[in-house]
Structure formats: structure tokens, C-alpha cells
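Here is a short report on one protein model. Keep the structure open while reading.

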Amino acid sequence: MSITEILDDITKESQLLNDPGKPFKLWMPKRVVFTADAFHETYGQKIYERVTRLGLHVEVARNNRITGLRGNDERETYRIAKNTLAVVNAPPSAFNLRPIPPSADWQFHLAEGCPAHCQYCYLAGSLSGPPAIRVFANLPQILENTKKVQRLNQVVSYEASCYTDPLSLEHLTGGLEKTISFFAGQPTTHLRFVTKFDNVDPLLGLDHQNRTRFRCSLNADIVAKRLEGGTPGISARLAGLRKMALPKSQSGGAYPVGVVLAPIIPVPDWEMHYSKLLSDLQSALDFETDLTFELITHRFTPGSRDVLMEWYPNTSLDFNETNRAVKRNKFGGQKYVFVKELMAELKTFFEMEIALRFPKAKILYWT
Ligand code: SF4
């Protein structure tokens with residue numbers, strides 16, 4: 001396949017999936033491969049049953065290595081990897097819990113990688129190797145491991161979407177259902193995850209004991225349409241969020257919910273676009289809810305920009321560092337954020353608009 005054909009393929013895929021006139025199709029990998037160990041895990045077998053029921057052809061490797069993910073160049077590698085579901089066991093290092101401020105106390109992972117094609121994807125530069133979607137078959141052990149951190153009389157929160165969009169894979173794995181049910185039985189730990197997907201129906205009937213907060217990642221429609229390929233549109237996400245928040249008596253999931261506005265980008269007429277989004281959100285949540293907001297402006301590192309420019313060479317996203325301020329972390333790494341004055345303007349706008357429409361909602365952080 002030539003580079004032009006690969007580009008066409010990805011562009012077509014992204015555009016079709018974002019066409020509001022067409023129903024969104026959940027991701028069906030072109031290749032599903034299990035490592036030998038993952039295939040023998042009980043949860044690995046459950047995934048095997050699900051994917052074969054969906055008519056997907058499955059390979060089982062003779063050993064614990066996944067090969068065949070690289071193409072002749074980065075673009076082809078991207079295409080091959082983004083069409084591959086690899087079912088593997090998470091390595092021992094996954095059992096060393098790491099903090100994840102400001103989102104939660106700790107993080108753990110059901111999977112790494114995501115089938116969507118967001119042109120700002122925060123996974124670029126964070127995960128090494130081809131961007132295949134790796135699901136962890138030893139999830140039960142990963143969940144048990146979260147019991148390690150306990151605090152007297154204090155709830156500990158866990159974030160499950162640092163390296164994946166877990167709902168994007170739910171039809172193939174059932175991993176969230178398992179995870180939500182696990183946390184329901186843990187009085188001192190709470191689960192949080194965020195998604196751009198809307199296939200929430202299997203989660204509605206779960207007995208979650210209010211220990212899972214479902215967060216929906218939203219953006220101005222114009223940003224989502226241009227930059228978030230392979231994801232459901234904003235109105236579909238709002239409908240999913242509404243279902244998750246509605247009381248059980250109205251066939252909803254009665255979950256505590258949240259909105260992650262990210263990445264906030266000051267496109268032309270940004271006040272109008274984001275006001276419309278918040279008004280649509282207000283209409284979707286026209287009942288009492290336990291609602292939080294997380295507000296994240298667009299940022300990038302030199303490393304993530306290089307990867308994204310290879311994956312999406314025609315992106316309209318502005319990666320020009322001359323319009324940006326540099327923020328350094330304690331390890332010497334740097335990222336580009338909006339300049340101070342623009343940051344202040346955006347922050348004031350969002351805080352005011354949210355307070356006006358959702359006076360009881362809490363803004364957890366602005367960054
Ligand atoms: S949904 Fe999230 S993880 Fe997936 S491509 Fe988009 S930004 Fe990346």
C-alpha cells in the first residue's frame with residue numbers, strides 16, 4: 001500500500017466515523033492476537049469468547065512476543081498497529097503503583113493504546129513502540145493489586161484511563177464491567193475513568209455503589225469534528241453521559257459523573273463554540289447530578305509533537321511554539337502551554353460560564 005493510500009484510508013476512516021449523519025461504528029480490529037500466557041488466563045479466555053462471538057479471527061502466538069506490528073515507515077506502522085488488538089499480560093512493573101495528580105491518587109491500567117485518531121492524542125510520546133492496542137489479560141491480578149494502598153478513614157482514588165480510552169474497548173473485553181463491579185466491593189477505593197465513547201448500555205445496570213465516577217471527554221463541536229477522528233460525535237457523547245447520570249428509576253446508571261473539557265483550544269470564535277457546548281451539556285443534564293469538571297488546555301512536548309506530526313502530517317492543530325509559554329517539570333522536561341494572558345482569559349471564561357450554568361458542580365482543577 002502506498003503512503004497516499006494509507007493517508008486516504010486513515011482520513012476516510014476518521015471522517016466517516018465523525019459524520020453526525022452516520023451511526024458510529026465501534027472499533028473492530030483487523031487483527032486480534034493473544035500471547036501464549038494471556039491466552040491461558042481466565043479473563044483472556046473471556047476476551048477470546050467475546051471476540052470470536054463477534055466473528056473476529058484470532059491468532060495465538062507460540063510465545064509472549066507480539067510481532068508483525070511494523071510497516072515500511074512510520075505511517076504504515078501506525079496503520080497496522082492501530083488495527084491490531086493484542087491481548088497480553090501486563091508486565092511485573094505494572095504492579096508498582098504510581099500516583100497521577102491532579103486526576104486521582106493512583107493509576108492502574110486495563111489496557112494501553114486506543115483505537116481512535118485524535119490529532120492531539122496525549123498518548124503520543126508517552127507509550128513506546130507501535131501504537132497497537134494492548135489489553136491486559138491479567139486484569140484480575142491488576143485489580144487485586146489496587147488493594148495495596150489503604151488509608152485509615154480516607155478514600156483512595158484510582159484513575160483507569162491514563163493510557164487508554166477503556167470504553168472504546170468494552171465491547172471486545174468487558175473489562176470496565178469487571179472493574180466497576182470490583183470497585184463496588186471496595187469501601188475505601190474509588191474508580192474514575194474518562195471516555196469519548198457512548199456505548200454505555202452494558203454499564204447502566206451495574207451495582208456500582210457510587211464508587212465509580214464516569215467522566216465524559218467533551219470539546220467544542222468544531223474541535224471534535226476536526227481533530228477527534230474515530231470517536232462518536234459530541235451529541236452522542238452527551239446522550240451517553242445523560243444515561244449514565246440518570247437515576248435508576250429512569251433506566252439510567254445513577255453514576256456520579258464528570259466532564260473533562262480537553263484540550264481547550266482557542267479556535268476562532270471560541271467563546272461562542274464553548275458556550276454552545278456548555279448549553280448543550282446543561283440540556284443533557286437537566287436534573288440533579290453529582291457533577292465535576294476538569295479543565296485542561298492544549299499543551300504539547302517537543303517529543304509528542306514530533307510523533308503527532310508523523311501520525312497526522314496534515315493536521316490543522318497549531319504546534320507553533322512561538323505562540324506558547326514553556327513550562328518545565330522537576331525532571332528538566334518541558335512542555336508548551338498557552339501564554340499567561342490567554343490562559344487567564346480562558347480560565348475566567350470557563351469558571352464563569354460553568355458557575356452560571358452548574359452552580360453546584362465542582363471544578364476539580366484547571367491546567
Ligand atoms: S480518545 Fe484519547 S487516547 Fe484515544 S486517540 Fe483520542 S486522545 Fe488518544
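The sections below cover the sheet, its helices, the ligand shell and the largest cavity.

## The sheet

This is a predicted model. Its open sheet has eight strands, in the order S4-S5-S9-S10-S11-S13-S14-S17. The pairing is mixed. Strand S4 (98-100) and strand S17 (362-366) stand at the edges. Each has a single partner strand, so one side of each is left without a neighbour in the sheet. From one strand to the next, the twist averages 30 degrees.

Strands of a sheet pair through backbone hydrogen bonds, either parallel or antiparallel. S4 and strand S5 (residues 104-107) are antiparallel, with three bridges between them. Ile100 has Ala104 in S5 as its bridge partner.

## Helices on the sheet

Helix H10 (residues 234-245) lies across strand S11 (212-218) and strand S13 (257-264). H10 runs at about 165 degrees to S11.

Helix H13 (residues 340-357) also packs on the sheet. H13 touches S13, strand S14 (291-297) and S17. The directions of H13 and S17 make an angle of about 170 degrees.

## Around the ligand

Which residues surround the ligand? They are Cys114, Ala116, Cys118, Tyr120, Cys121, Tyr122, Leu123, Asp165 and Lys196. By class, this shell has seven nonpolar, no polar and two charged residues.

## The largest cavity

The model has one cavity of 30 Å³ or more. The largest cavity holds about 70 Å³ of space. Its lining includes Tyr43, Leu110, Val135, Pro166 and Glu170. Helix H6 (170-173) and helix H7 (175-184) each supply at least two lining residues. The lining divides into eight nonpolar, two polar and one charged residues.

Methods. Residues are numbered from 1 along each chain as its sequence is written. This is a predicted model: local features need pLDDT of at least 70, side-chain atom pairs count only at pLDDT 80 or more; totals for chains, interfaces and linings use all residues. Side-chain values use heavy atoms; hydrogens and water are left out. A residue is near a molecule or strand if one of its heavy atoms lies within 4 Å of it. Ala, Val, Leu, Ile, Met, Phe, Trp, Tyr, Cys and Pro count as nonpolar, Asp, Glu, Lys and Arg as charged, and the others, Gly among them, as polar. Two strands pair if DSSP finds at least two bridges between them. Helices (H or I, at least four residues) and strands (E, at least two) are DSSP runs, numbered from the N terminus. Axes are lines fitted to C-alpha atoms, for helices over the stretch in contact, and angles run from 0 to 180 degrees between N-to-C directions. Contact means heavy atoms within 4.5 Å. On a 1 Å grid over the protein atoms alone, a cavity is a set of points where a 1.4 Å probe fits but cannot get out, and a pocket is an open set with protein on both sides within 12 Å along at least five of seven lines; lining residues have an atom within 4 Å of a point. Grid points are joined across faces, edges and corners, and a volume is the space filled by probe spheres set on the points.
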